[in-house]
Amino acid sequence: MASFSSAVPSIYSHMDSGAIIHISTRQSLAGSTVVKLKLKPEKCLEAAGSFKQWFHFDAHSLPTGSDTNTFFEIVDAGESTFPDWSGYKVCMTSDRKTWDRVDSTKFEDGVLSWVVSNLDTSSLTFAYFPTYSLERQETKLREWLATEKCTHSILGHSVQGRPLHSLVFTPTSTLRNVIWIQHRQHPGEVSASWFCEGVMSKLLSLPPSSPLLQTCKIIVVPNVCPDGGHLGHLRTNASGANLNRCWGILHNTTAPGQTTPPAPEVVAMTSAMISLDGPDLMLDIHQDEEKPYVFISKTPLGVPSCTPPLRLLRSKFHSILRSKSVDFETPGPIDPVGYPEPSPGTANLNICSAAVAERWPGCLSLTMEHPYKGNDNRGKEYSRGFTVEQCRELGEKTVEAVEEILPDLIRKRGGKKRKETF
């Protein structure tokens with residue numbers, strides 16, 4: 001006969017974006033429970049062979065009431081792909097809608113651990129970052145299309161056959177610029193999806209007189225790697241390809257295991273870009289595992305075709321966005337310097353922003369990175385962890401910055417019509 005009075009806590013991860021390995025659960029007579037876990041590796045075609053970082057799981061039948069404690073330990077966190085967990089706090093939700101950070105999170109001796117105490121609910125969900133399901137993506141897609149302010153185009157399909165959606169805003173007057181904004185090449189960089197909601201909210205609320213709507217063709221790609229997201233991967237598609245190392249196909253270069261054979265997701269993106277004669281401004285939205293601030297990567301500054309005017313344009317965009325967003329390169333004790341700038345002519349052309357910048361000289365091609373951790377320079381409250389609300393607001397402010405930089409873009413269309421696929 002089944003007993004319902006003293007159920008042992010259980011761990012479940014067989015859901016959209018679920019990923020964890022359960023090792024053991026131990027209960028003590030004193031009322032404490034210890035759950036030991038390991039990160040789930042994902043196949044990677046690069047030399048590393050695998051990545052492991054992302055986690056997302058449900059914990060059921062947790063002890064509730066006063067004087068109860070459940071300890072969680074990810075015992076191999078120190079062996080993760082990006083092992084600097086200092087300052088990071090685990091994400092938690094009881095209703096799968098509102099997320100918070102677990103302040104008890106600590107990283108010691110290679111173990112990421114946290115404790116939840118005196119619970120009033122026996123089921124909780126934990127994740128590396130607030131999750132964004134494919135179901136929510138499809139729901140938002142329909143909401144945006146219902147406004148009739150944009151159209152829909154499927155650019156191609158993923159390895160597992162999922163559609164690669166795009167939202168297209170067609171200029172109401174003479175075409176001057178093409179703007180391309182894409183999200184989640186790295187599927188576990190989930191902040192990009194919440195950022196996309198902010199981008200779309202702002203675009204859909206712009207007045208008809210907006211220069212963006214009048215003179216720009218805007219392509220928004222909500223999710224470049226839906227398979228990886230569903231499978232609970234941090235950086236790869238269903239075949240193990242790191243999509244942001246597959247863009248050498250724009251230059252007939254190859255990276256073993258990445259561009260041979262080409263990833264269908266990147267083929268879809270590049271084919272659409274080529275049909276547009278490339279973008280004039282391109283934003284590729286990512287998330288950095290270790291840096292506690294928002295920044296834009298310097299990688300495209302190392303392409304052979306980079307010029308002083310393009311550097312000035314990039315610098316101006318930085319200044320505009322910094323003036324609009326309290327989260328972008330926030331000044332403070334931690335210098336939001338980002339990644340080192342490559343030497344001239346040495347940028348990795350397998351990376352999207354570098355490949356696009358070199359294929360279409362003059363394009364303001366940018367990789368934006370968000371933190372999983374908090375924005376330490378904004379103060380204690382914001383150092384707990386980057387939030388869904390901050391992602392959305394940053395998306396809105398980024399659209400404002402794009403609109404302000406339009407007159408300065410180097411590449412112009414001059415109103416010429418081209419044959420396009422969408």
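V75 sits in the loop that links β7 (69–74) to β8; here helices (H or I, at least four residues) and strands (E, at least two) are DSSP runs, numbered from the N terminus. The model is a predicted one, in which local features need pLDDT of at least 70, side-chain atom pairs count only at pLDDT 80 or more, and totals for chains, interfaces and linings use all residues. Residues are numbered from 1 along each chain as its sequence is written, and side-chain values use heavy atoms, with hydrogens and water left out.

With a relative accessibility of 31%, V75 counts as partly exposed, a class that lies between buried (under 20% relative accessible area) and exposed (over 50%), as judged with a 1.4 Å probe and protein chains only. Together with I21 and I23, V75 makes a nonpolar surface patch of about 210 Å². Patches are made of residues with over 30% relative accessible area and no salt bridge, with nonpolar side chains (Val, Leu, Ile, Met, Phe, Trp, Tyr) joined within 5 Å and like charges within 9 Å. A salt bridge is a side-chain nitrogen of Lys or Arg within 4 Å of a carboxyl oxygen of Asp or Glu.

I21 also leads into the strand pairing, since its bridge partner in β3 is K38. Strands β2 (residues 21–27) and β3 run antiparallel and are joined by six bridges; two strands pair if DSSP finds at least two bridges between them. The two form a hairpin with four residues between them, and G31 in the turn has a positive phi of about 100 degrees. Strand β3 (residues 32–38) is largely enclosed by the rest of the structure, because five of its seven residues are buried. Six bridges also join β3 to β7, this time in parallel, and V35 stands opposite F72 in β7.

In a regular strand the side chains alternate between the two faces of the sheet. Strand β7 shows this nicely: T70, F72 and I74 point to one face and are buried, whereas N69, F71 and E73 point to the other and are not. β7 pairs with β11 (residues 111–117) in the antiparallel sense over six bridges, and T70 has V116 as its bridge partner in β11.

F72 reappears in the interior. Along with F55, F72 touches the most other members of the largest nonpolar core, which has 85 residues; such a core is a set of buried Ala, Val, Leu, Ile, Met, Phe, Trp, Tyr and Cys residues joined through side-chain atoms within 4.5 Å. Helix α2 (residues 191–205) gives this core its largest share, eight residues. A second, separate core of 26 residues includes W180, I219, A263 and M282. Leaving out residues up to four places away in sequence, the contacts of F72 (heavy atoms within 4.5 Å) include V35, L37, W114 and F126.

Elsewhere, an open sheet of five strands follows the order β1-β6-β12-β8-β9 with antiparallel pairing. Its edge strands, β1 (10–12) and β9 (100–101), each pair on one side only. Within this sheet, β8 (residues 91–93) and β12 (residues 124–127) run antiparallel and are joined by three bridges, with C91 opposite A127 in β12. The loop between β8 and β9 holds K97, which is exposed at a relative accessible area of 72%. K97 and T131 are 34 residues apart in sequence, and their C-alpha atoms are 9.5 Å apart in space.

Notes. Areas by Shrake-Rupley, 256 points an atom, 1.4 Å probe, with all protein chains shown as cover.
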